[in-house]
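Q: Could you take a close look at one part of this model for me, the salt bridges and what surrounds them? I would like one connected walk through it.

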Amino acid sequence: MTEQKLEQYREFSEALAGRSAREILDELAAHKRRVTQLENQIANSQDDQLKSENEALRKLRDEQKAQLDEVHVGFG
């Protein structure tokens with residue numbers, strides 16, 4: 001083996017830290033599932049925030065329209 005391949009093997013062996021390749025793959029799969037779960041939570045949170053902001057803006061619009069209608073009635 002070349003020196004570079006030996007170094008790569010040492011790094012890989014240290015990364016396993018006595019665990020089997022199956023354990024590492026299972027851990028990686030669990031981390032991928034967690035990342036996906038967190039990404040979904042972020043997307044849902046952003047959707048909820050946008051819905052809330054949209055509702056607040058609609059309420060403000062309705063209030064301003066009502067005030068404007070009152071002004072028009074006063075001048076009518």
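A: Let's start with E3, which is exposed, its relative accessible area being 57%. Please keep in mind that this is a predicted model. E3 pairs with R10 in a salt bridge, and their closest N and O atoms lie 3.5 Å apart. On the other side of that pair, R10 has a relative accessibility of 38% and counts as partly exposed. That label follows because the value falls between the 20% that bounds buried residues and the 50% above which a residue is exposed.

Let's move along the chain to a second pair. R22 and D26 bring their side chains together in a salt bridge, with 3.3 Å from N to O. Why is the spacing of R22 and D26 along the helix about one turn? Because they sit 4 residues apart in helix 2, which covers residues 21-75, about one helical turn separates R22 from D26. R22 is exposed, with a relative accessible area of 53%, whereas D26 is partly exposed at 42% relative accessibility. Salt bridges with shared partners also link E3, E7 and R10 into one network.

A third pair is R61 with D62, whose closest N and O atoms are 3.0 Å apart in a salt bridge. D62 has a relative accessible area of 43%, and is therefore partly exposed. The structure holds 6 salt bridges, and the pairs described here are among them: E3 with R10, R22 with D26, and R61 with D62.

Now for the helices around these pairs. The chain has 2 helices and 0 strands. Helix 1 runs over residues 3-16, and its 14 residues should span 20 Å at 1.5 Å a residue. Its end C-alpha atoms are in fact 20 Å apart, so the expected and the modelled span agree.

Just after helix 1 comes A17, with a positive phi near 45°. A17 belongs to the loop between helix 1 and helix 2, and its phi is positive although A17 is not a glycine. Why is that worth a second look? Most residues other than glycine have a negative phi. A17 is also exposed, with a relative accessible area of 57%.

Helix 2 has some nonpolar surface to show as well. L68 is located in helix 2, and together with V71 and F75 it makes a nonpolar surface patch of about 350 Å². V35 is another residue of helix 2, partly exposed at a relative accessible area of 44%. From V35 to K51, 16 residues along the chain, the C-alpha atoms are 24 Å apart.

Finally, here is the whole chain as the setting for these details. Its C-alpha atoms fill a box of roughly 95 × 25 × 10 Å along the principal axes. The radius of gyration is 30 Å, while a compact globule of 76 residues would have one near 11 Å. Buried residues account for 1% of the 76 residues. The accessible surface is about 7200 Å², and carbon and sulfur atoms make up 55% of that surface. Against this background, E3 and R22 are exposed partners in their salt bridges, while R10, D26 and D62 are partly exposed.

Terms used: Residues are numbered from 1 along each chain as its sequence is written. This is a predicted model: local features need pLDDT of at least 70, side-chain atom pairs count only at pLDDT 80 or more; totals for chains, interfaces and linings use all residues. Side-chain values use heavy atoms; hydrogens and water are left out. A salt bridge is a side-chain nitrogen of Lys or Arg within 4 Å of a carboxyl oxygen of Asp or Glu. Buried means under 20% relative accessible area, exposed over 50%, partly exposed in between (1.4 Å probe, protein chains only). Patches are made of residues with over 30% relative accessible area and no salt bridge: like charges are joined within 9 Å, nonpolar side chains (Val, Leu, Ile, Met, Phe, Trp, Tyr) within 5 Å. Accessible areas come from the Shrake-Rupley method with a 1.4 Å probe; for residues, only the protein chains shown count as cover. The expected span of a helix is 1.5 Å times one less than its number of residues. The radius of gyration is taken over C-alpha atoms; the globule rule is 2.2 Å times the number of residues to the power 0.38.
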